[in-house]
Amino acid sequence: MNAPWKVGPQGNRDSFAAFICDETSLDVLRPVVIELGWQPEKCKKGGLRNAVQSLSITASPNILMVDLSESGDPLNDINALAEVCEPGTIVIAIGQVNDVRLYRDLIASGIHDYLLKPLSPAQVRDSLVMAQAVFAQPKHDAAGTKRHITTAVIGTRGGVGASTLATSLAWLFSADNKLPTALFDLDIHFGTGALSLDLEPGRGLTDAIENPSRIDGLFIERAMIRANDNLAILSAEAPINSPLMTDGAAFLQLEEEFRHAFEMTVIDLPRNMLINFPQLVNDANVILLVTEMTLASARDAIRLLSWLKANAPHAEVMVVANKVQGGITEISRADFETSIESKIAFSIPYDIKAAANAAKLGHTFVDANRASKAAAVMRDVAKAVLGSADDDDVIDSGSRGKKSLLGKLDLKAMLPKKGKAAAKDAAMSEAAIAAE
Ligand SMILES: Nc1ncnc2c1ncn2[C@@H]1O[C@H](COP(=O)(O)OP(=O)(O)OP(=O)(O)O)[C@@H](O)[C@H]1O
Ligand SMILES: [Mg+2]
């Protein structure tokens, strides 16, 4: 019976109310309530019975603190309270019975926390802050299950368009699919996640790196910047003279918080971050490897695919070619695919007008150019990411080869042989054969 207080939609409700039996506890509670920005008048004298009476005629608050001290049968009375409380209310019980069984029963009945008297300001504050964070989290569906997809977008080389794809996907998930989405820009010094949406990055990510212990649901709620109703961004524009001082724990903790607070996380993950923080891909469900059709990109696609196979074997990896110009790629698609031993899952055309339009409008590429072919392919990528969660078979069975990818690399063979160079090459190999 774990859910009389199942989290549900929020109406015009008070943020907080308390029904407390004794003045001593009220004296501890009121300053903390003021500190958290609530009205002290919401701390009323009275216990569980008063709470039930009051809430049967008024809307229940987001967070309710209720004193069980005068209740002969707390569990039973709590159930009475559940009947008058609206879904979504987070209930903190207070009592003077130090009994672990009662505590467990109360928690099992849907109570968020049980505080033992005499109350201390720190204990009350911690519990209320935690309750706020729980309340701020996205709501679970009726079955209590919530899926989350973490997508890491990695470029094989600089400038291939990884950030363009990351911001576009985040926009599609949040604006088109209406899914609560976090865009996590891990290009700490040069990130463009906020810039592409014409926003200031704020200090959120910098604060998180400097004070990882502060990271919790409430922190991310405050530290992230909003791009639309469903899209929040965590990014930085760290000064160029300030090196990245972190062991990476903050990043993992943030990823964890995103999993609780959102349904989609898109990580703009510069490849150089993988060197120091390989654990960043530990919990990625989908990894999009963005590449151009060049020799250098082919080499690094091979190396990254091989690395991902070892470090993120659970993730579905898809290769996305970007800036593809029909007929004039440095390396043909067939050669590229053979060399990386993987299919190109999506091919986004080069469209400089669309890129210019996005920059001019301060919108994501996909949002600024709805009718373009490039945006259509990006929407297909978004669909594939969303579909990946429903298709467990896809995960791990992808097109990644089993052999050593680097061993297969024949860079020379991939380059077009033309004119004199080709003739010289042919002559050299004939000479080599003759010499054998
Ligand atoms: N399909 C495309 N057609 C034309 N221009 C594009 C396309 N995709 C991205 N661009 C442009 O390429 C430039 C680099 O893109 P972006 O910043 O997304 O690359 P990146 O891989 O994140 O680079 P960095 O290595 O700096 O992080 C941007 O100016 C962007 O507008
Ligand atoms: Mg980038």
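What span should the 16 residues of helix α15 (residues 373-388) cover at 1.5 Å a residue, and how far apart are its end C-alpha atoms? In this predicted model, the expected span of α15 is 22 Å and its end C-alpha atoms are 23 Å apart, which agrees. Within α15, the buried residues are Ala374, Ala375, Val377, Met378, Val381, Ala382, Val385 and Leu386. An α-helix has 3.6 residues a turn, so residues three or four places apart point the same way.

Three residues of this helix, Val381, Ala382 and Val385, are in contact with Leu169, as are Thr151 and Val266, neighbours within four places in sequence being left aside. Leu169 is also listed, with Val153, Leu165, Ile287, Leu288, Leu289 and Val320, among the residues with the most contacts inside the largest nonpolar core, which has 85 residues. A second, separate core comprises 36 residues, including Val32, Val66, Leu81 and Ala93.

An open sheet of 8 strands with mixed pairing follows the order β8-β9-β7-β10-β6-β11-β12-β13. Strands β8 (225-228) and β13 (344-349) each have a single partner strand and stand at the edges, so one side of each is left without a neighbour in the sheet. From one strand to the next, the twist averages 25°. At the β13 edge, β12 (residues 316-324) and β13 run parallel and are joined by 4 bridges; Val319 stands opposite Ile344 in β13.

Helix α6 (residues 162-176) lies across several strands of the sheet, among them β6 (149-155), β7 (181-185), β9 (231-234) and β11 (286-291). Strand β10 (264-268) is also crossed, with α6 running at about 165° to β10.

Note on methods. Residues numbered from 1 in each chain as written. Chains lettered and ligands numbered in written order. Predicted model: local features only at pLDDT ≥ 70, side-chain atom pairs only at ≥ 80, totals over all residues. Pairing = 2+ DSSP bridges. Helix = DSSP H or I, 4+ residues; strand = E, 2+ residues; numbered from the N terminus. Axes fitted to C-alpha atoms, helices over the stretch in contact; angles between N-to-C directions. Contact = placed C-beta atoms within 7 Å. Core = buried A, V, L, I, M, F, W, Y, C linked by C-beta atoms within 7 Å. Buried ≥ 20, exposed ≤ 12 C-beta atoms within 10 Å, placed from the backbone. Expected span 1.5 Å × (residues − 1).
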